[in-house]
Structure formats: C-alpha cells, structure tokens
Amino acid sequence: MNILDSVSTLKGIGSKKAKIFSDYGINTLEDLLYFFPRKYEDRRQVCPISELVTGKEYLISGKVISKRYSGGARRRNSPLSLIVGEGKDSIEIVFFNGKYIANFFNVNGEYVFYGKVSENLDRKQMLHPEFYKAGDAADIRGIVPVYPGIKGISQNEIRKLQLRLTEIYDQVEEWLPEEVVDENRLASPAFAVKNIHFPADGKHMLQGKYRLIFDELLTLEAGLCYLKSGARNEGEGVAISTDDAGEFIGNLPFRLTEGQLHAWQDIEKDLASEKAMNRLIQGDVGSGKTVIAQLCMFLCARSGYQSVIMAPTELLANQHLNSFKEAFCKYDINIALLCSSMKAAEKRDILEKLESGEIDILIGTHAVIQPNVKFKNLGMVITDEQHRFGVNQRVTLSQKGKNPNVMVMTATPIPRTLAVILYGDLDISQIRTMPEGRKPIKTYVVKADARNRAYDFVKERLREGRQAYVVAPLIEESENIDAKSAEELYKELTDKFRGFKVALIHGNLKAAEKDGIMDTFASGEIDVLVSTVVIEVGINVPNSTVMIIENCERFGLAQMHQLRGRVGRGSEQSYCFLICHNESKVALERSAIMASSCDGFDIAEEDLKLRGPGEIFGTRQHGLPEMHVSDLVRHADVLEKAKDIAKNIIDEDPQLTDPKYVKLKGRIKKMFGDGIRLEL
C-alpha cells in the first residue's frame, strides 16, 4: 500500500464511496490520512449501568436480555428494541429502523454500546448508539476519534479505514528543514499523524496536534508571503532624509498624539534603513493617519522625490487635496489632483508636469495606476483605505518607481491576528490614540418602540445648528426582509423634520450625484442625511454630531463602528443611537459592545470572538484556504511564529528552488490550489 494510492484501493471503497470521498477533497490515501478528527470521546472506562446519568455519553457493556423487532418484508421500518442488562440493572437500546441490524444481535450475546443516555417512561434509554460485539476487533476502547461528518459514510467506517492506514504511517516524510524542527522542538510528522488519529494518551495527542497546527500555519504563511512577494520592494530603497521632520511637526497647529509619534518612530527607522519601507498604518477614523502621510510626503519632496497617494473615491481625493494644500501652504511644494472625471486637456497637463518632475505630490483615485501615468522620480506611494484596493493595485502603483517606499493606510481596525495574514508582507503600526479635544461618542441602544425619542433628540440638535446622519440597511422596502429602508425613512423624516432640509443618498446613485449630495451636506445646506452604508467611507463633517443606525441587528460590529465614525469629528459632543428591531442574543451582545467602547481595535477583537475568523475575514473573498486543524485566533502565538519563519524562508529563497524547500513548495501548491502559481 502506497500513500499516494487512490482511496478506492482500500477494501470496502467502491466507485460510489470513492465519489463521496472525492467530493470532500479526499482522493488519495494521503488525503484520508490527513482527514483529522474534530474531537475525541473518552471510552477508556466502561460505566456501570447503575451509574448512568441522563444527558451524558457513556461506554457501557452488557448482555442482551430481550430483543423485540416486528419488522418483515411488509414492515421494513419497524424499530428494534433491546433490553441490555448488567446484574440487576438494565437499559433499553432503541434503533428506529432496525431492518439492517436486527440479525446482528442475539439474546444472551455480550455487546458494547456508546451513546447519550436519555429517559422514557422512567426507563433509561440509548437511541441509535454505536455498537460492537464484546471483544470484536472493531470494539475500539480508549480515546476514540470523532471525524467531521461525511454524508453516506459512518463514523465507524471512517475509523476502520483509518485503522487500516496505520501501516503507511512510516511513509509520512519529514518536510521541514532540520533547523526549523530542532529550533521549534517539533514532533515528527509520522508521530503527529499517528497520535492525531489514535493517541496513546492526552500528552501524545497534544504533541501531535501542535506539529500539525504548526505545519498548517507555516504552509499558509509561506504561501501568502510567496503570493505577496511581488508587492514587496526588494533591495535598496529610495533614500528619504528625515532631517526636516522637526520643521514640519513644529509648524503643525496641534501636537502629535502618542499614537502618531509611535507610528512616526517606526517610519523613521524604515526610512533610515537601506531597504524600501513597506508599512501598514492602522488607525480609527479621525486618529490622524493623514498627518503622518503628509509628513512623509513633505520629507519626500524635500529629498527631491515625488510621492503619490491613492484614495478609493473622488470625494476622498478632493478632501485630501484641500487638507494637503492647507498643510503645505507655507512650503514650496507643488500638489496636483488626478481623477477619471477630469477633462482630457486637464489630465494631459497634469501628466506632462508629472513626467517632467514639476509636480511633487499627486493625489488621485484609481486613475493614478493607469499606464499613461509616469513619474520622473517616484520616492513614495501611499494607498488610503487599503481594504478598498487589492494587492495587485498596490503592486501596480509601486511599480511606477524604482523601489519606492510604500505606506498603506486603513481606518478599518483589524484584529492583529488577521492583519498578520492579510498584510503579511507589511510591517504594522497602530495609532490607538485620538487627537486632543475629541470626545468619546456617547452610544445608546434604543428599542424599536422608543425610536421616536431618539428622533426628538435629533430635532433638538438640529435646532442648535447641528447636522445628523440616519442609516438604513436597505435602499428600498423588501417583502422578504423586515427592515427599514432608506427611501421609507426619507419620507418619514421629511415629514417629521419640517423646516429642515432632509436628503437621501444611496449606492444606486451615480458617482457625481453622490459627490454632489455629500458636498452639499459638508457645506451645511443639508441638515439630515438619510443613507445606506455608502457613507461608511466619507468626508469629514465636524458639524454632524448625531448618528442613528436603524435595524442595527443587520450590521456587523466593524461596520457599525465605521458608520459611527462619521460623527465625533469636532470638539462638540457627538451621539450614536442604535435602534434594535430584533432583540436576538447576538444583536444585543453586539449593541452592548458598541455602547461600552469607542475603541475600534477592541471592537474588532470582540467581533472576531463573536463571528470567528471565517465570517469576519471573508476567506472566500480573499482566496484564503480552509484551515483544518488550526484556529487563527486560539493559535495566534503559533501564527506569529509561523509568519516569521515563512518570511525568512521567502527572503532566503523567493522561488523556493532550494531542495530543502521542495516539499514546502508542494504543500503550498496543494493548500492554495489554483489560487497560487508555483513552478513545480
């Protein structure tokens, strides 16, 4: 028997079962060997029938005292009832469809059963337990593996198949370099596979499982590092002097926060090194990431290089243009804007000046990555709201210069565990403090029957000259979804807030229309903006101090936090009302977390606990493979270690051509499938 043989070579697996296994990604004996248990059952001790407790699972042994089965040719679905005794005590064993197993049991025969104990008419029962003849080879005692369900294949069948595979354990080869195994005190793969299926004891099981978790996370990280190696700037980077940093910081009308200073210290070290910078700046909405970008671009210009910042929308690009012009008004620095909506002649002028070097700083949208955009001497590229861009777009932008420094900014707080994966090629800095004068947003959970009180509060703020956002989960009313729509709310609030200007914005509007409405809101001509999540990434409106989120139960924690971040932008106290129309346990948990914290990173961690990495991270959207033994949250310490080792391996051998990495390359190819291109 060879580890690479088809599963169909095993006795009992015909074409039908081979097809079932194939649907679960199990085609070879090796695939079956790496189909791991999801939990274990302790069947080391037989429990006396007299000590059984309802609701718990037990291993019992006894003699069949009586057997009742009335099935036959015409009554095939009749139940089978056995009374199994041990001394004076007995229990009823019931199989609702006894046709296929009635002949297995004989009165006075000794049998072993494992299952959950229930009670019926004061008699203890086991419904559909696993069963064996006492002393039979299939009578598995000890720590018994329980596998993920495969439709059409029983647990007993899977265990029997796994027992047959014990003879090929010695074919499981070591695939990691000796130094990695020794430094991390890892068990061998053969030991790990043996003790994940049929552990000798708890200690052996944990040692084996750790090795398999390590293997899976290292393969994941090595694959991601390989995938992202194109986004990394290798070799000597563009030299940016930081000598004039004090001048820029000293001329700011405010002091940098502790978080901003820490981020700057990280960047300063990057710029002082010979390698190009590759850094992610994570910070909540309003935490001051843009000032750090401005400082970097100022130093870039002073060092004789150009820089570019790419934003996801024209609205945000225009906001950057205005804030940059204000920040650089004291300096001789030329700033330009490049967007798709600009007139052709205007674009040509910008492109000519950019290529000649007359423009120091370019601000734009996706337009900046078009082939006709050429720089004279690009020294730094920055992407804002990185979650709106893909890795390929970041690579395209960085390739417009020779090893430019790269900065990535995002206002979407991501748990560090997931940031390590999503941005595996970047060093990470977090800005966790807010500028002076910013007050925490007061957040309240409001039941649906009390929502009018929240809108009365809004009216009071409008009378004081403030503005408000109202967010709905839907654009239009739906027969299938019981939730408020933006159009429905717009009609309601237009009537409720007579004398005030109410406007509606949603994703179905054209970009120019959306920008026009947002500009009008920013100028103060609109008092209440009714919206869908289209405002999640929007412009800065300090005068807007109230956010109402209708049907908050239909939003995730991260999304609610992003929406709440539209207010609290000025020195005035801001408020957020979460109107809950469905008071489910999860909805109330999320709302309580929002009401108790304004820290996006804490909220992101709680969101991760509630939803798990698969849902919050959207593995399908990002093309991440499924994890079988590891958990990205519980095994975060192993993940960090795996990331460092994987990075060192890819740095040493970017194409994995060294013979000691050949098996790693094969594992990456198998894990990522079509999601990765490796020459094997």
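**Helix α9**

I began with helix α9 (residues 289-302) in this predicted model, and asked what its 14 residues should span at 1.5 Å a residue. The expected figure is 20 Å, and the end C-alpha atoms lie 20 Å apart, so the two agree.

I then looked up how much of α9 is covered, and found that twelve of its 14 residues are buried, so the helix is largely enclosed by the rest of the structure. The buried residues I listed are Lys 289, Val 291, Ile 292, Ala 293, Gln 294, Leu 295, Cys 296, Met 297, Phe 298, Leu 299, Cys 300 and Ala 301; Lys 289 and Gln 294 are thus on the list, beside residues such as Leu 295 and Phe 298. Just after α9 I noted Gly 304, which takes a positive phi of about 90°.

**Helices α17 and α18**

Next I turned to a helix pair, since two packed helices are described by the angle between their axes and the distance between the axes. For α17 (residues 557-564) and α18 (residues 585-596) I recorded an angle of about 35° and axes 10 Å apart, and α17 passes α18 in a right-handed crossing.

Which residues meet where α17 packs on α18? On the α17 side I found Leu 557, Met 560, His 561 and Arg 564, and on the α18 side Arg 590, Ile 593 and Met 594. The residues of this contact divide into four nonpolar, one polar and two charged. I also kept in mind that an α-helix has 3.6 residues a turn, so residues three or four places apart point the same way.

**Val 533**

I went on to Val 533, which lies in the loop between β19 (528-531) and β20 (544-550). Is Val 533 buried, partly exposed or exposed? Its relative accessibility is 29%, so I entered Val 533 as partly exposed.

Leaving aside residues up to four places away in sequence, I found that Val 533 touches Val 471, Ala 472, Phe 555, Gln 559 and Leu 563. I also looked up Ile 505, which is 28 residues from Val 533 along the chain, and the C-alpha atoms of the two are separated by 9.5 Å.

**The chain as a whole**

Last, I took the totals for the protein chain, which has 22 helices and 21 strands. Buried residues make up 51% of its 680 residues, and the chain exposes about 32300 Å², of which carbon and sulfur atoms supply 47%. Among contacts between residues at least 6 apart in sequence, I noted that 72% join residues at least 24 apart.

Technical notes: Residues numbered from 1 in each chain as written. Predicted model: local features only at pLDDT ≥ 70, side-chain atom pairs only at ≥ 80, totals over all residues. Heavy atoms only, no water. Axes fitted to C-alpha atoms, helices over the stretch in contact; angles between N-to-C directions. Helix = DSSP H or I, 4+ residues; strand = E, 2+ residues; numbered from the N terminus. Left-handed = near helix turned anticlockwise from the far one by under 90°. Contact = heavy atoms within 4.5 Å. Nonpolar A, V, L, I, M, F, W, Y, C, P; charged D, E, K, R; others polar. Expected span 1.5 Å × (residues − 1). Buried < 20%, exposed > 50% of the residue type's maximum accessible area, 1.4 Å probe, protein only. Areas by Shrake-Rupley, 256 points an atom, 1.4 Å probe, with all protein chains shown as cover.
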